[in-house]
Amino acid sequence: MPELPEVETIVNNLRLGAAGAPALPGKVITGAQVLWQRTVAEPDAPVFEQQITGQAVRDIHRRGKYLVFELSHDVLLVHLRMSGDLLVGSGEHAVTAHTRLLLRFKNGLHLAFQDARKFGRVWLTCDPLSVLGRLGPEPFDEQLTAELFYTRLQGSRRQVKPLLLDQSFLAGLGNIYTDEALHLAKIHPQANAHSLELRQAERLLESIRCVLREGIRRQGASIDWVYRGGDFQNYFRVYRRSGSPCPACGTSVVRIVVSQRGTHICPRCQAVN
DNA sequence: CACGAGACCTGTTCGC
DNA sequence: TGCGAACAGGTCTCGT
């Protein structure tokens, strides 16, 4: 479920503390409990529980859609996939119906990995690149110039939407922000990547950065039954707005399917090439 | 190489 | 009201 802005928001809250919860950096993990074995991709759950206990959280940051916890000896990587969330709490009732992993700290403080659909995964490793190594550039990386982005688009024969969703092409976009960015750039999701001109590539990169910045500023989107405070869902241009008017031209937004993902476009602004 | 289908999972919403 | 189908913010693997 979460894309770059939602992950960024969660990281910021865990790093700095939010809503009465303390910041995690500096705290020592006093115990761990794996409630759904497959949530832990590596190592085996019993080893994970034993190995993470006693390690302090040094810092937390984001790479693509991964949360990266720098611990005393290892790195904890968390990918929330479709329905995952990380919640800090204290006292009783730490484990609920959807808790898949629980990390305990002193004084009853805990970090719960909640994940209704069980797609989320965590890794405890001393070699984070073994997991993160294939990720493409960060969208806000200054090294990623419009010219370079254009060249990378030229290098693919794929449709532009599935290419943007490919984390090895660009790290962090998901279904929402891809639809929003393509609409803002006025590019059809099924346009061939290599057919885009330099000006379109420039506009697409700008649009990607624009919608991601907007998402971060609004603390992400909260849709379906997952709510974490963000309100970007109230500002979607096209995502899940079929039948509503395009904010740019008033034409009805249409839902199509592109590489098996629901896709929302304005048929007028995003004409097929 | 690129694409489609299926798998992994559970919960909500939609249509009859 | 009830029930099955469709759908959901992601990614991996397999077959063509």
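This is a dialogue on reading a predicted model of chain A.

Q: Which secondary structure elements does chain A contain, and how many of each?
A: The model is predicted, and local features are read only where pLDDT is at least 70. Chain A has 7 helices and 11 strands. The radius of gyration is 20 Å, close to the 19 Å that the globule rule gives for 273 residues, so chain A is as compact as a globular protein of that length.

Q: What does the C-alpha trace span along its principal axes?
A: The trace of chain A covers about 60 × 35 × 30 Å along those axes.

Q: What share of the residues is buried, and what do carbon and sulfur supply to the exposed area?
A: A residue is called buried when its relative accessible area is under 20%. By that cut-off, 51% of the 273 residues of chain A are buried. Chain A exposes about 12,700 Å², and carbon and sulfur atoms supply 48% of that area.

Q: How should contacts be read against sequence separation?
A: Take contacts between residues at least 6 apart in sequence; in chain A, 62% of these join residues at least 24 apart.

Q: How many charged side chains are there, and how far apart are the centres of the two sets?
A: Chain A carries 33 positive and 26 negative side chains. The centres of the two sets lie 5 Å apart.

Q: How do β3 and β4 pair, and what lies between them?
A: β3 (residues 57–63) and β4 (residues 66–71) are antiparallel, with 6 bridges. One of the bridges pairs V57 with L71 in β4. The two strands form a hairpin with 2 residues between them, and G64 in the turn has a positive phi of about 60 degrees.

Q: Which strands pair with β7?
A: Strand β1 is joined to β7 by 4 bridges, and the two run antiparallel. Here G31 stands opposite R104 in β7. β8 also pairs with β7 in the antiparallel sense, over 5 bridges. In that pairing, L101 has F113 in β8 as its bridge partner.

Q: Is β7 enclosed or open?
A: The general idea for a regular strand is that side chains alternate between the two faces of the sheet. In β7, 5 of the 6 residues are buried, so the strand is largely enclosed by the rest of the structure.

Q: What is found between β7 and β8?
A: The hairpin of β7 and β8 has 4 residues between the strands, and N107 takes a positive phi near 60 degrees. K106 lies in this loop, between β7 (99–104) and β8 (109–115).

Q: Is K106 buried or exposed?
A: The cut-off for exposed is over 50% relative accessible area. K106 has 59% relative accessibility and therefore counts as exposed. Leaving out residues up to four places away in sequence, K106 touches V28 and T30. K106 and R255 are 149 residues apart in sequence and 49 Å apart in space, C-alpha to C-alpha.

Q: Is T39, another loop residue, buried or exposed?
A: T39 sits in the loop between β1 (31–34) and β2 (40–42). At 0% relative accessibility T39 counts as buried. Beyond residues up to four places away in sequence, T39 touches R100, F113, G120, R121 and V122.

Q: What does L109 touch?
A: L109 lies in strand β8 and is buried, at 10% relative accessibility. With residues up to four places away in sequence not counted, its contacts are P22, L24, K27, V88, G89, S90, L103 and R104. L109 and L16 are 93 residues apart in sequence, and their C-alpha atoms are 15 Å apart in space.

Note on methods:
Residues numbered from 1 in each chain as written. Chains lettered and ligands numbered in written order. Predicted model: local features only at pLDDT ≥ 70, side-chain atom pairs only at ≥ 80, totals over all residues. Heavy atoms only, no water. Rg over C-alpha atoms; globule rule 2.2 N^0.38 Å. Buried < 20%, exposed > 50% of the residue type's maximum accessible area, 1.4 Å probe, protein only. Contact = heavy atoms within 4.5 Å. Areas by Shrake-Rupley, 256 points an atom, 1.4 Å probe, with all protein chains shown as cover. Lys, Arg positive; Asp, Glu negative; His and termini not counted. Charge placed at Lys NZ, Arg CZ, Asp CG, Glu CD. Pairing = 2+ DSSP bridges.
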